[in-house]
Amino acid sequence: MADADPRRIAAKRDPGEVNTGSDVPSIGLVLGGGGARGLAHILMLEVFDELGIKPKIIAGTSIGAIYGAAYAAGLSARDIRGHTEETLTKRIGLVRDLIASRAQGSGRFWDLVTARSAFLSPAALLDLVLPPDVPQTFEELSIPLSVVASDFYALEAAVFSSGWLRPAVAASMALPMIFEPVLIDGRSLIDGGLTNPLPFDLIVGEADILVAIDVSGTTVPSPSRPRPTAIEALFASPFLFERSIVREKLKAHRPDIYIDAGTGRYQALEFLKVRDILAAAEPAKAELRSALERVLALSAGRDVHA
């Protein structure tokens with residue numbers, strides 16, 4: 001579902017505040033957390049490429065941090081999609097690489113499973129799914145990026161926008177019960193979705209238009225059974241927190257363009273259903289494109305019909 005009033009957006013723009021020096025309004029892009037549901041972010045990035053515009057700033061949580069980092073690095077949505085589909089559809093190769101990393105305990109995949117626990121290392125998976133062209137530091141990115149993780153002991157969000165990029169993104173995606181926490185500067189960090197699953201508050205006022213992509217979703221029950229399985233309940237429970245946080249945040253402040261990706265029927269770990277998830281997000285892609293086209297038309301002084 002899209003939530004956008006292009007006339008309100010155009011009316012609030014003040015040339016004395018944020019201004020890119022052109023008639024095209026600057027855009028702040030927010031990519032939320034939601035496990036495999038967040039594969040939908042790829043389609044939203046395609047909209048920006050198709051319209052020939054780029055965000056001025058990006059904020060991301062969990063899988064949103066992954067795709068935010070890739071796009072902020074200057075990769076095209078086409079390249080990001082190609083890398084994702086190649087990685088996730090080559091099931092046999094992916095499993096072989098993961099097993100090899102576990103057995104070796106070192107090398108390219110950074111220690112998939114540590115000697116201290118059975119948890120997976122998020123850095124190891126990140127090394128698989130993040131395109132190799134993404135740089136090592138925030139400062140090397142083409143677009144400023146903020147990444148959200150959660151400080152386990154401080155019980156608060158931890159935001160990163162400078163320094164080493166990959167550890168911050170790995171921390172942001174460290175979903176409990178699946179990945180071990182990431183240690184950065186003495187802090188034990190886990191999935192950012194537990195504290196700020198849709199971090200649009202981090203970049204309010206940084207651009208003319210704030211666009212937020214919500215992939216926390218609403219879980220759709222299976223028609224064959226009214227109750228979730230134990231595994232479904234375990235891994236879907238974080239979405240209860242994330243969805244509740246997003247709803248409360250939207251009561252206080254709404255982004256100029258809010259898009260629900262519509263991928264709630266998929267579970268957190270159903271990454272191998274990448275093509276199905278991308279297909280399910282096509283309507284949301286069309287909604288985002290329509291909303292941005294109306295905003296751009298207003299900025300150019302053309303008539304717009306809601």
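Let us start with a salt bridge between E248 and K251, whose closest N and O atoms lie 3.0 Å apart. The model in which we see this pair is a predicted one. Both residues belong to helix α8, residues 230-252, and because they are three residues apart there, about one helical turn separates them. The general point to keep in mind is that an α-helix has 3.6 residues a turn, so residues three or four places apart point the same way. As for their surroundings, E248 is partly exposed, with a relative accessible area of 47%. K251 is exposed, at 64%.

How many salt bridges does the structure hold? The count is ten. I should like to discuss two further ones.

The second example joins the side chains of E293 and R289, at 3.0 Å from N to O. These residues sit in helix α10 and are four residues apart, so here too the separation is about one helical turn. E293 counts as partly exposed, at 34% relative accessibility, and R289 is also partly exposed, with a relative accessible area of 29%. This pair does not stand alone: salt bridges with shared partners join E46, E50, R81, E85, K285, R289 and E293 into one network.

The third example takes us to another part of that network. The side chains of R81 and E46 meet in a salt bridge of 2.9 Å, N to O. Where in the chain do R81 and E46 lie? R81 is in helix α4, residues 77-89, while E46 is in helix α2; the two are 35 residues apart, and the pair links distant parts of the chain. With a relative accessible area of 23%, R81 is partly exposed. E46, by contrast, is buried, at 10%. The cut-off that divides these two classes is 20%: a residue under that value is called buried.

Let us now turn to the packing of two helices. Helix α2, residues 41-51, packs against helix α10, residues 282-299, at an angle of about 35°, and their axes are 9 Å apart. The crossing of these two helices is right-handed. On the α2 side, the residues in contact are L43, M44, E46, V47, F48, E50 and L51. On the α10 side, they are E282, A284, K285, L288, R289, L292, E293 and L296. Which classes of residue make up this contact? There are nine nonpolar and six charged residues, and no polar ones. You will recognise E46, R289 and E293 among the contacting residues, and these three also belong to the salt-bridge network.

Helix α2 contains another residue that I should like to point out, H41. Is H41 buried or exposed? At 0% relative accessibility, H41 counts as buried. Leaving aside residues up to four places away in sequence, H41 touches L31, G32, I63, G64, Y67, I213 and V215.

Three of those neighbours, I63, G64 and Y67, bring us to helix α3, where they are listed among the buried residues. Why is α3, residues 63-72, described as largely enclosed by the rest of the structure? The reason is that ten of its ten residues are buried. Besides the three just named, the buried residues include A65, I66 and G68. After α3 comes G74, which has a positive phi near 105°.

Helix α7, residues 165-172, is mostly covered, with seven of its eight residues buried. Those seven are L165, R166, A168, V169, A170, A171 and S172.

Our next residue lies in a loop. N196 is found between β7, 187-191, and β8, 209-214. At 6% relative accessibility, N196 counts as buried. Its side chain is joined to that of D201 by a polar contact of 3.2 Å. Apart from residues up to four places away in sequence, N196 touches T61, V148, D201, L202 and K249.

Finally, let us consider the chain as a whole. The chain has ten helices and nine strands. It comprises 306 residues, of which 52% count as buried. If we take the contacts between residues at least 6 apart in sequence, 75% of them join residues at least 24 apart. The bridge between R81 and E46, with its 35 residues of separation, is one link between distant parts of the chain.

Technical notes
Residues numbered from 1 in each chain as written. Predicted model: local features only at pLDDT ≥ 70, side-chain atom pairs only at ≥ 80, totals over all residues. Heavy atoms only, no water. Axes fitted to C-alpha atoms, helices over the stretch in contact; angles between N-to-C directions. Left-handed = near helix turned anticlockwise from the far one by under 90°. Contact = heavy atoms within 4.5 Å. Nonpolar A, V, L, I, M, F, W, Y, C, P; charged D, E, K, R; others polar. Buried < 20%, exposed > 50% of the residue type's maximum accessible area, 1.4 Å probe, protein only. Salt bridge = Lys/Arg side-chain N within 4 Å of Asp/Glu carboxyl O. Polar contact = N/O pair within 3.5 Å; in protein donor to acceptor, adjacent residues only side chain to side chain.
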